[in-house]
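Thanks for making the time. I will walk through one structure this morning, and I will stay with what the coordinates give.

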Amino acid sequence: MSVALAGRSPATFEIKSASLPLLALRLKSVDLDALAQELHAHYGDMPDFFADDLLVVDLSALPADSADAALDFERLTALLRTHRLNPIGVRAGSAAQRAAAFAAGLPDAPDMRLPQASAPAASAPADLPAPGALVIDKPLRSGQQVYARGRDLVLRAMVNPGAEVIADGHIHVYAPLRGRAIAGARGWAEACIFARAMQPELVSVAGVYRTSGEPLPESVWGHAATVSLRSSESGDTLIFEPITD
């Protein structure tokens with residue numbers, strides 16, 4: 001038999017568990033000049049891409065020979081904040097790097113659960129795309145950009161060269177895709193790109209991209225096809241697959 005007993009709680013506060021959207025910046029170099037250039041190249045024309053998102057700086061991917069390299073965490077923090085990112089801690093790295101981070105106001109967060117590129121959908125981050133999609137009915141001209149924040153993007157008309165479509169979830173193009181398509185923009189590795197006619201200037205899934213400078217196979221170019229990401233110990237690979245009847 002179960003028994004219900006009255007309990008007590010403080011009158012002035014409560015402690016509740018919370019699930020917060022959390023991004024991870026997995027640094028692969030201590031060269032902050034190069035980092036600044038690449039952040040500007042990817043997000044410089046999208047000042048509202050991040051919205052004061054909380055972020056953990058993950059040092060686990062730094063080369064082994066950089067363990068003793070000085071990393072200016074104050075400059076790194078300032079750089080990230082110019083892109084509306086709020087770093088709250090670090091994980092991994094050497095003892096010297098963690099000490100430097102702590103001195104800059106970034107405590108050690110070794111137990112922080114960060115998304116893995118190869119993680120299955122069932123264990124993906126809590127801030128996955130929400131149900132529903134942003135639907136665009138008109139063709140996108142050169143210079144136009146559409147971002148489906150926190151959801152999928154569906155386009156029922158052509159994405160012309162010079163146009164850019166971005167989604168935190170999947171991208172569906174029921175017309176020719178001739179511009180740039182960026183799916184899983186906030187790191188969701190399960191995202192896919194679907195197009196009725198795959199002729200992109202660039203495709204990207206969770207930050208892994210391929211440009212038109214690297215021609216697609218004839219079985220994919222101009223045909224209905226999908227793009228997905230496959231990750232393994234040897235690296236990340238974009239998988240292009242024709243859609244057959």
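A strand here is a DSSP run of E with at least two residues, and strands are numbered from the N terminus. By that rule S228 lies in strand β13, residues 225-232. Please keep in mind that this is a predicted model.

I will come back to S228. Some totals come before that. The protein chain has 3 helices and 14 strands. Of its 245 residues, 38% are buried. The accessible surface of the chain is about 14300 Å², and carbon and sulfur atoms account for 52% of that area. If you take the contacts with a separation of 6 or more, 42% of them join residues 24 or more positions apart.

Now the sheet that β13 belongs to. In which order do its strands run? The order is β4-β6-β8-β10-β13-β14, an open sheet of 6 strands with mixed pairing. The edges are β4 and β14, the latter being residues 235-242; each has a single partner strand, so one side of each has no neighbour in the sheet. From one strand to the next, the twist averages 25 degrees. As a reminder, strands of a sheet pair through backbone hydrogen bonds, and the pairing is either parallel or antiparallel.

Let me take one pair inside this sheet. Strand β6, residues 152-155, pairs with strand β8, residues 171-177, in the parallel sense over 3 bridges. One detail from that pair: L155 has V173 in β8 as its bridge partner.

Next, the edge strand β4, which covers residues 133-136 and includes L134. What does L134 touch, once residues up to four places away in sequence are set aside? The list is V146, Y147, A148, R151, D152, L153 and V154. For R151 there is also a distance: its C-alpha atom is 7.2 Å from that of L134, with the two residues 17 apart along the chain.

Back to S228 in β13. Is S228 buried or exposed? The cut-off for buried is under 20% relative accessible area. S228 has 16%, so this serine counts as buried. Without its neighbours within four places in sequence, S228 is in contact with A191, C192, T237, L238 and I239.

There is further parallel pairing to show. Strand β7, residues 164-167, and strand β9, residues 180-183, pair in the parallel sense over 3 bridges. Within that pair, I166 stands opposite I182 of β9. β9 also pairs with strand β11, residues 202-205, again in the parallel sense, over 4 bridges. There, A183 stands opposite V205 in β11.

The last item is helix α2, residues 73-82. Its buried residues are F73, L76, T77, L79 and L80. Why do these five count as one side of the helix? They cover an arc of only 165 degrees around the axis, and that places them on the same side of α2. E74 and T82 are exposed on the other side.

Both ends of α2 have something to report. At the N-terminal end, D72 acts as a cap, with a side-chain oxygen 3.3 Å from the backbone nitrogen of E74. After the helix comes R84, which has a positive phi, near 60 degrees.

That is what I have for today.

Methods
Residues numbered from 1 in each chain as written. Predicted model: local features only at pLDDT ≥ 70, side-chain atom pairs only at ≥ 80, totals over all residues. Heavy atoms only, no water. Buried < 20%, exposed > 50% of the residue type's maximum accessible area, 1.4 Å probe, protein only. Contact = heavy atoms within 4.5 Å. Areas by Shrake-Rupley, 256 points an atom, 1.4 Å probe, with all protein chains shown as cover. Arc of directions from axis to C-beta. Polar contact = N/O pair within 3.5 Å; in protein donor to acceptor, adjacent residues only side chain to side chain. Pairing = 2+ DSSP bridges. Axes fitted to C-alpha atoms, helices over the stretch in contact; angles between N-to-C directions.
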